[in-house]
Amino acid sequence: MKKPASLLGNKNKFIIFGCGFSGSFFAETIRKFGCTVLTSSRSTSKDPNSFVFNSEDSIVPDKKIFDGVTHILSCIPPDKDGNDPVLEKLHGKLKDLSLEWVGYLSTTGVYGNTEGGWVAETDQPNPFQKRSHNRLNCENKWIESSLPVQIFRLPGIYGPGRSTYEAIKNQKIKVILKKDQVFSRVHVADITHAIIYLLQNKDSLKFHQIINIADDEPSSQIEVIQYCYDQLGLKMPNPILFEDAKNELSPIAQSFWMENRRVSNKLLCEKLGYKLIYKNYKLGLKSCFLNN
Ligand SMILES: NC(=O)c1ccc[n+]([C@@H]2O[C@H](COP(=O)([O-])OP(=O)(O)OC[C@H]3O[C@@H](n4cnc5c(N)ncnc54)[C@H](OP(=O)(O)O)[C@@H]3O)[C@@H](O)[C@H]2O)c1
């Protein structure tokens with residue numbers, strides 16, 4: 001990794017709302033730059049840098065938490081009513097801070113189904129699922145919030161501890177074949193390092209409010225599963241045709257198969273010059289395998 005530049009350092013204080021899979025990877029990495037990082041969770045923790053924030057209860061984080069904060073990253077999805085948990089509860093507070101930057105992790109679900117066609121940031125969103133309509137509303141609320149917000153649209157996130165290997169080991173894998181269906185993906189390390197790259201080069205790069213972070217090679221799910229079975233030295237079970245499998249899938253799993261799109265990373269990787277750590281699922285999964 002490039003040596004941390006002076007643009008991010010001990011003068012910066014980050015709050016990460018929703019320290020789940022992506023949030024904790026980001027928090028851990030940004031601490032290595034010398035930044036102060038506080039993270040939210042819905043439950044209490046012994047970690048002195050963690051505080052409780054749950055949009056569904058009335059506890060508001062102590063105001064000391066916000067002292068000197070310069071950067072915020074929200075990794076929290078819309079709540080059950082479709083509202084943004086952070087803006088619903090804390091917009092008034094955030095507006096009073098001298099924030100340099102606010103990041104919001106969104107999804108490429110807002111593009112809807114393009115039947116395998118590529119989608120870029122300049123394409124009009126066309127959400128298909130209810131949850132993607134909610135997501136687009138939340139994006140719009142962030143844009144209208146008057147905060148210095150940058151939105152990152154993400155496809156399927158994987159990384160150490162959350163990948164097809166775990167699904168195979170936990171026997172949660174279903175090998176489904178659907179002709180011409182692809183999924184885009186991103187390794188959690190590329191989410192973190194793309195954001196850090198943009199922050200470090202903030203003064204020299206043109207600001208884009210919406211940026212896709214995805215790898216170079218959208219691929220079928222079966223290809224990815226086959227690759228993992230091969231790495232594990234196991235035989236992949238025979239695939240089931242989607243038409244035969246769909247009634248056994250949960251509504252959420254079914255909904256993923258109803259959208260087929262390729263997410264373009266040209267803005268991030270060609271125009272803005274970020275170099276992916278994991279250009280495709282093979283490289284990304286190899287790193288998960290080695291960390292297993
Ligand atoms: N997973 C994917 O493949 C994928 C793909 C595209 C986009 N995304 C989106 O990208 C973001 C990050 O994804 P992720 O998979 O890293 O997330 P994640 O691991 O599911 O973490 C989500 C975090 O949000 C917190 N949270 C949820 N509801 C909350 C509420 N009402 N009030 C306060 N906190 C709440 C959770 O708190 P606790 O820690 O207390 O549980 C958790 O820390 C999410 O918005 C996700 O929807 C995910």
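## Sheet, helix pair and ligand shell

Arg-153 stands opposite Asn-212 of strand S11. The model in which this pair is found is a predicted one. Strand S7, residues 149-154, pairs with S11 in the parallel sense, and three bridges join the two.

Both strands belong to an open sheet of seven strands, paired in parallel and ordered S3-S2-S1-S4-S5-S7-S11. Which strands stand at the edges? They are S3 (50-52) and S11 (210-212); each has a single partner strand, so one side of each is left without a neighbour in the sheet. From one strand to the next, the twist averages 20°.

Helix H1 packs on this sheet, and its direction makes about 165° with that of S2. The strands that H1 touches include these:

| Strand | Residues |
|---|---|
| S1 | 13-17 |
| S2 | 36-41 |
| S4 | 71-74 |

S5 is also touched by H1.

H1 has a part in the ligand site too. The ligand is surrounded by 23 residues, and the closest are Gly-18, Gly-20, Ser-22, Arg-42 and Pro-77. At least two residues of this shell come from each of H1 (21-31), S5 (101-107) and S8 (156-158). H1 gives the most, with three residues. By type, the shell has ten nonpolar, ten polar and three charged residues.

Elsewhere, helix H6 (residues 221-232) and helix H10 (residues 281-290) have axes that come within 11 Å and cross at roughly 40°. Because of that angle, H6 is oblique to H10. The crossing is right-handed. On the H6 side, Val-224, Tyr-227, Cys-228 and Gln-231 meet Tyr-281, Lys-282, Leu-285 and Phe-289 of H10. Six residues of this contact are nonpolar, one is polar and one is charged.

How values were computed
Residues are numbered from 1 along each chain as its sequence is written. This is a predicted model: local features need pLDDT of at least 70, side-chain atom pairs count only at pLDDT 80 or more; totals for chains, interfaces and linings use all residues. A residue is near a molecule or strand if its C-beta atom, placed from the backbone, lies within 6 Å of it. Helices (H or I, at least four residues) and strands (E, at least two) are DSSP runs, numbered from the N terminus. Ala, Val, Leu, Ile, Met, Phe, Trp, Tyr, Cys and Pro count as nonpolar, Asp, Glu, Lys and Arg as charged, and the others, Gly among them, as polar. Axes are lines fitted to C-alpha atoms, for helices over the stretch in contact, and angles run from 0 to 180 degrees between N-to-C directions. Angles under 35 degrees count as roughly parallel, over 145 as roughly antiparallel, 65 to 115 as roughly perpendicular and the rest as oblique. A crossing is left-handed if the near helix is turned anticlockwise from the far one by less than a right angle, and right-handed if clockwise. Two residues are in contact if their C-beta atoms, placed from the backbone, lie within 7 Å. Two strands pair if DSSP finds at least two bridges between them.
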